[in-house]
Amino acid sequence: MTDPSLAALSDTLFSIAVALYSVAVVAFCAELAFGGKKAPAVSRELVGAGGGSTTAASLPPVDEEPVKARRVGAVAMGLTLLGAVVHAGVLVTRGVATDRLPWGNMYEFGTAVVLVAVVVYVVLALRTPALRHIGVFVLAPVVLSMVGIGLFLYASAGPLVAALRSSWLAVHVSTAILGFGIFFVSGIASVMYLVRSRYEAKIAAGERPLSRIVHRLPSAAALDRTAHRTAVFGFPIWTFAVIAGAIWAESAWGRFWGWDPKETWAFIAWVVYAAYLHARTTAGWRGRPSAWVNVVGLGVMVFNLLYVNMVSTGLHSYGGVS
Amino acid sequence: MTTTVERPAAAAPGPPPAPSPLRRVGTTLLRWWRQLTAMRTALILLFLLALAAIPGSLLPQRSLSQSQVTGYFREHETLAPVLDAFYLFDVFSSPWFAAIYLLLFISLIGCVVPRAIEHGRAVLAQPPPAPRHLHRLPDSATLDSELDAAATLDVVEEELRVRRFRVVRRDGRHGPELSAEKGFLKETGNVVFHLALLALLLGLAGGKLWGYEGSILVTEGDRFCNTFQQYDTSRSGALVDASDMTPLCVTLEDFKAEYEENLTAASFTADIGYGLAGAASRNATIGVNSPLRVDGDRVYVTGHGFSPVFTVTFPGGQSFTDVSAPFLPSDTTTMASQGALKLPDVPGSDEQLALEGFFAPTGSTQGGVLTSIDPRPLDPQVALFVYSGYLGLDSGLPQSVYSVDQTQIDRGSLTEVGRANLAIGESTTLADGTVVTFSGLKEFAAMQLSHDPGQVYVLGAAVAVLVGLLGMLLLRRERVFARVGPGPGDAGTVLSVGSLTRGSAETAPRFTALTDDVSAALRRRATAKENPSS
């Protein structure tokens, strides 16, 4: 039984979450704008870049960040946290309204993936304050994804189709959501690394690039490390999601693996992330090439969600998009 | 490495005796082997594998849907045969896809086997001697100790053993030293992960060779047995012996489809009786997500549909009573279905008869066009075309049982002799006096029997892949080295400690915790020595 008032509340919370994230994006932008008024000094930059590899804490010197910027940054973080709480409320109310796990269609799946991404970012930013500065680059894609999900993937609250009524839904889909959300942040960290490492290379070459925003980003080494560690965290989860999916497929479709388009792209994503983890330890692939592999991995994940569900015909047609 | 072996010989002045052809072949093979097993090659093969899988998801595949491939051939008359020549409709069983994954797995073997041997040696061997300069290690510290050299190292050893390190002490060239190591499981995880991938491929291959599956549409009340002759479609591995197939027979007693208020399918269940041929039958209820598992075989309900029942009475008085054929659902949300009933032996006539049409479990007619508005059989209706003439069933060319062969109509061998929309109980009379009555309805289930002896091994290998992966990614491999030397002015001892960690980014806090514990223990031991009575 679907409870219409709770379902409506869920939809309202969705809009509130998007609004909160949008304001957070503005606040993160303001933080970047207020910070680092002076053009970056070469010497200080090198200290910042080396900070990650020494055993001392990799915090940037306090005087680098004006009080105003720090306050705005704290506001942005607060808004993000609040947004995440409301965002979680979207799924909880939908789950209660429909009396089932709230990931039975693309709208719910996408909403959950974005929530995981936000939570991963918040955890990273709280543990390593320097990473807070990638906030705008995480939250902007988050807002875009949420708007896209709301506009194009929306499916009204309803019961699950028969094929999804299995306890494997909790196992397979939950881990797929977790893996996707973690890879989302990992991919963004790699994109930021690509931007930042070019900037650092320019400084090392004696040029004086005047990008204040890139200057405020964490060091390339820290971004690369973040991308790698999140991918290392996400990869076993994704592996488990694929294995759980195969076990479910064996009891639902009569075979554990059949190269259904979704399975094929899950496999491609797995191979690409395996390649990323190998590339990072292979001579000639470290740094920028491996970061590109991670970005391709995120592209594959998004393609797997959008193209495979909406365009191709396969067994994973639970989109609920009409 | 190979290039350094080869180049000096080629560049040497005064050419040395040319290597024997056998040797040259050997060198070339060795170079290929090294290149194949290099990480860089493995990476490229991984990318190729990902890339090769893409057409398999973008183009229709025979293994998934033969009819979609046929449709693609119809729409792209010139392109399709070209793609087909490159196995692009059978990507996952194509030679080039196999070539990529076999090369990858050979590369993997070449990489992981030496690594496993090396790892085995390392497990048996003692931790390596301490390096000369401990302060050059990623984490290092110097502590002062009031104890003598041996007692100081005793304290370090105790602290490390508590942390489950393997410790060895040596009298090194630069003073008494200690080497400790733990975290072999990290590399073990790595080896297990890669070997389990090989096992997974073997399980997969075994399942393909010795496995089979068959599908059949079964109307309520009917039964089928596990033989290839009975199945509508089947696939079997190269090593399947038809006489070894489980002699299982299954009867579909009742099929039920249930729907939510908004017509979302809630459940499909089939009550079946099953048993070995000749043996007593047992009952079971199977459905979506819950197949019947018996003797290594699994029986599934993969779909369902309706078989409209007709009674055809001929002018001569003879009749076919309650004949039916399954109509395939073309839209699973409304169960709008299409099918054909072919009657090749019409009594008292050389002409054959066929009913082809559209079935709606809950029909709604607007402007003479019948559509289905509900998947439940609330008001079943059919829209029928009746054909008379030659069906072409014995022409030797295969034709669908769900439709009348269009070429026979185009050729004029079959002609339309009537059309009608009928609800249950209604009938239509053809020009020659034949009466066709839509007399009832049966439900059928699409059932599938699968046999895959490899899947248990694949599951085991997959679990091993995951366990190995977790060990490889989450565990740390740590080495700690310590060396003692005399303190300034021979007062006490100076202890240098250094550590090297693989698999963790935040090593500093752990190292600090270790050195803090060591210096606390050193102080405790020193005070205990000064005041032995307390």
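**Close-up views of chains A and B**

**View 1. Helix α8 of chain A is mostly covered, with 26 of its 33 residues buried.** The structure shown is a predicted model. Helix α8(A) comprises residues 220–252. From its first C-alpha to its last, the helix reaches 46 Å, which is close to the 48 Å expected at 1.5 Å a residue. After α8(A) comes A:G254, a residue with a positive phi, near 90°.

**View 2. Chain A contains 10 helices and zero strands.** Along the sequence, the elements of chain A follow the pattern α-α-α-α-α-α-α-α-α-α. Chain A has 322 residues, of which 58% count as buried.

**View 3. A nonpolar patch lies on the surface of chain A, with an area of about 310 Å².** The patch is made by A:V302, A:L306, A:M310 and A:V311. Of these residues, A:M310 is placed in helix α10 of chain A, which spans residues 288–310. The relative accessibility of A:M310 is 41%, so this residue counts as partly exposed, a class that lies between under 20% for buried and over 50% for exposed.

**View 4. Five strands of chain B form an open sheet with antiparallel pairing.** The strand order is β13-β14-β15-β18-β19. Strands β13 (328–331) and β19 (414–423) of chain B stand at the edges; each has a single partner strand, and therefore one side of each is left without a neighbour in the sheet. On average, neighbouring strands of this sheet are turned by 20° against each other, direction ignored.

**View 5. At one edge of this sheet, β13(B) is joined to β14 of chain B.** Strand β14(B) covers residues 336–343. Three bridges connect the two strands, which run antiparallel. Within β14(B), B:S337 is the bridge partner of B:P329. In general, the strands of a sheet pair through backbone hydrogen bonds, in either a parallel or an antiparallel manner.

**View 6. Strands β8 and β9 of chain B form a hairpin.** Strand β8(B) spans residues 265–276 and strand β9(B) spans residues 282–287. The two strands pair in the antiparallel sense over six bridges. In β9(B), B:N283 serves as the bridge partner of B:G273. Five residues lie between the two strands. In the turn, B:G278 has a positive phi of about 90°.

Technical notes:
Residues numbered from 1 in each chain as written. Chains lettered and ligands numbered in written order. Predicted model: local features only at pLDDT ≥ 70, side-chain atom pairs only at ≥ 80, totals over all residues. Heavy atoms only, no water. Pairing = 2+ DSSP bridges. Helix = DSSP H or I, 4+ residues; strand = E, 2+ residues; numbered from the N terminus. Axes fitted to C-alpha atoms, helices over the stretch in contact; angles between N-to-C directions. Patch = residues over 30% accessible without salt bridge, like charges linked within 9 Å, V, L, I, M, F, W, Y side chains within 5 Å. Areas by Shrake-Rupley, 256 points an atom, 1.4 Å probe, with all protein chains shown as cover. Salt bridge = Lys/Arg side-chain N within 4 Å of Asp/Glu carboxyl O. Buried < 20%, exposed > 50% of the residue type's maximum accessible area, 1.4 Å probe, protein only. Expected span 1.5 Å × (residues − 1).
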